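Grab a pencil and work through a few short exercises on the protein shown here. Try each task before you read its solution.

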Amino acid sequence: MTWTKRYLYPGDVEEGYYFDIGTYVCKNHFKDDYLNEHIVKQGEKGICTYCDKKLIVIELEVVLTLIAVGLEYVYDDPANGRFLNKDSEYGFDGNVQPFEEIWWDDPFDLRIEDDKLLEDVSNQLSTDQLYCERNEFGSHEEYLDDLWNHFKEVLKHKARFSFHFSETFRQWNSSDPADILHQVETTILKHNMITTLKPKTILYRARQHSVENEVSDATRIASLPNSLNKEAGRMNAAGISLFYCSKQKNLTIKEVVSKRRKSKPYYTTAIFRNKKALRLVDLTKLPDAPSIFDEDNNHSIDVIFFMNSFVAEVSLPVLKKDSVLEYLPTQVITEYIRYNPDLNADGMIYNSAKDSNAKNIVLFYNHKDSLENLDFSKSSIKTSLIRDL
Ligand SMILES: [Zn+2]
């Protein structure tokens with residue numbers, strides 16, 4: 001049987017998959033949200049061949065096509081991806097299996113319980129071709145995780161300023177750090193992860209300090225002057241100052257103030273307002289990873305996994321015990337977003353680690369930029385004792 005696209009060549013009369021069964025199926029037989037949502041969205045009222053109920057049903061051929069997309073995403077033809085090895089069972093290196101063997105393990109965890117449906121699906125999909133996993137040397141999830149770890153490893157221990165020599169730092173699975181950064185840009189634009197911050201939005205800043213009247217004007221609570229900025233953050237290296245703020249006063253206090261720093265018993269909050277509308281990359285809008293059955297989007301699964309790791313790390317608190325090396329990867333991505341002319345961003349929105357429903361804002365403003373581009377409300381300065389919190 002030749003349902004697969006694999007052996008189609010340019011000029012072949014028909015493109016696509018060849019299934020022919022003529023039955024209808026409802027959403028109650030596959031344990032997969034994407035398949036079931038597709039049945040409901042694209043199907044019509046009718047009788048399900050398998051449970052005999054009147055529900056929204058779709059031709060089984062449609063579902064088979066989606067499963068075929070998933071098979072092509074996860075598996076390769078060993079003729080493309082493996083060296084020949086005449087001593088091995090199927091003539092190729094690595095773990096090569098016929099279709100029956102991979103399908104027997106229910107590789108997509110579909111848990112089809114209806115015997116007739118299982119038989120129909122298996123018979124239709126069955127081919128005499130050979131399969132090998134594209135990411136044979138680890139599960140797909142391990143591979144995705146590996147993308148982030150590889151990026152971190154290169155930055156922390158190999159190259160800080162020249163990782164764009166892609167051939168040098170390319171990994172066996174062919175992802176190189178510079179290419180991943182490019183995919184970050186593509187993902188942000190494709191999923192419209194850009195939000196406009198209206199002019200005059202109230203932005204709270206907070207600072208913890210030791211002397212009661214220390215914060216008396218904007219210069220003492222704007223972004224730190226570069227010369228004083230000796231500590232690295234998850235988004236900025238030491239010496240590079242950014243304006244961390246939020247729209248909620250309580251959140252800003254929670255993010256900044258620590259009761260454990262006894263030498264600084266006071267905290268001050270103040271309000272700044274942006275003069276112009278600002279373009280912010282909104283990391284909280286990162287979509288869920290697409291399904292492997294989603295032909296138009298499954299190629300972006302890996303970069304969305306990668307960005308999830310970035311988004312999660314950006315929100316983590318800065319800890320004294322952390323090595324500054326830990327922050328390099330998030331700093332590099334932040335800098336890439338900051339200076340990328342196609343994104344043209346003034347800052348980013350990201351989840352708070354202190355309150356999972358709340359959002360923090362970082363503006364790409366150093367001390368001077370923050371004083372020039374933001375209006376300061378002197379009357380908003382409010383200093384309190386931390387022990388009263
Ligand atoms: Zn049914």
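**Exercise 1. Find which residues of α1 and α2 meet, and describe how the two helices cross.**

Start with the residues. On the α1 side, look for L35, H38, I39 and Q42; they meet V62, V63 and L66 in α2. Keep in mind that you're looking at a predicted model.

Next, place the helices: α1 covers residues 33-42 and α2 covers residues 60-74. Their axes are 11 Å apart, and the packing angle is about 145°. Finally, the handedness: α1 and α2 make a right-handed crossing.

**Exercise 2. Work out why the buried residues of helix α9 line one face, and find what they pack against.**

First, list them. Helix α9 spans residues 249-256, and its buried residues are L251, T252 and E255. A residue counts as buried here if 20 or more other C-beta atoms lie within 10 Å of its own.

Now look down the axis of α9: the buried residues fall within an arc of 100°, so they line one face of the helix. The general rule helps here: an α-helix has 3.6 residues a turn, so residues three or four places apart point the same way.

Last step, the neighbours. The buried residues of α9 pack against four strands: β8 (202-209), β9 (243-245), β10 (266-274) and β13 (359-363).

**Exercise 3. Put the strands of the open three-stranded sheet in order and pick out its edges.**

The order reads β4-β6-β5, and the pairing is antiparallel. To spot the edges, look for strands that pair on one side only: these are β4 (75-76) and β5 (97-98).

Now zoom in on one pair. β5 joins β6 (residues 130-133) over two bridges, in the antiparallel sense. Take Q97 and follow its bridge: you land on Y131 in β6.

**Exercise 4. Explore the largest nonpolar core, starting from its best-connected members.**

This core has 47 residues, and the ones touching the most other members are L242, C245, L280, V281, M348, V362 and L363. Pick L280 and check its contacts, skipping residues up to four places away in sequence: you should find T195, L197, A345, D346, G347, M348, I349 and I361.

Then look apart from that core for another one, of 28 residues, including V25, L35, I292 and F293.

**Exercise 5. Sum up the whole chain.**

Count the elements: there are 12 helices and 14 strands. Of the 389 residues, 32% are buried. For contacts between residues at least 6 apart in sequence, 72% join residues at least 24 apart.

Terms used: Residues numbered from 1 in each chain as written. Predicted model: local features only at pLDDT ≥ 70, side-chain atom pairs only at ≥ 80, totals over all residues. Buried ≥ 20, exposed ≤ 12 C-beta atoms within 10 Å, placed from the backbone. Contact = placed C-beta atoms within 7 Å. Arc of directions from axis to C-beta. Pairing = 2+ DSSP bridges. Core = buried A, V, L, I, M, F, W, Y, C linked by C-beta atoms within 7 Å. Axes fitted to C-alpha atoms, helices over the stretch in contact; angles between N-to-C directions. Left-handed = near helix turned anticlockwise from the far one by under 90°.
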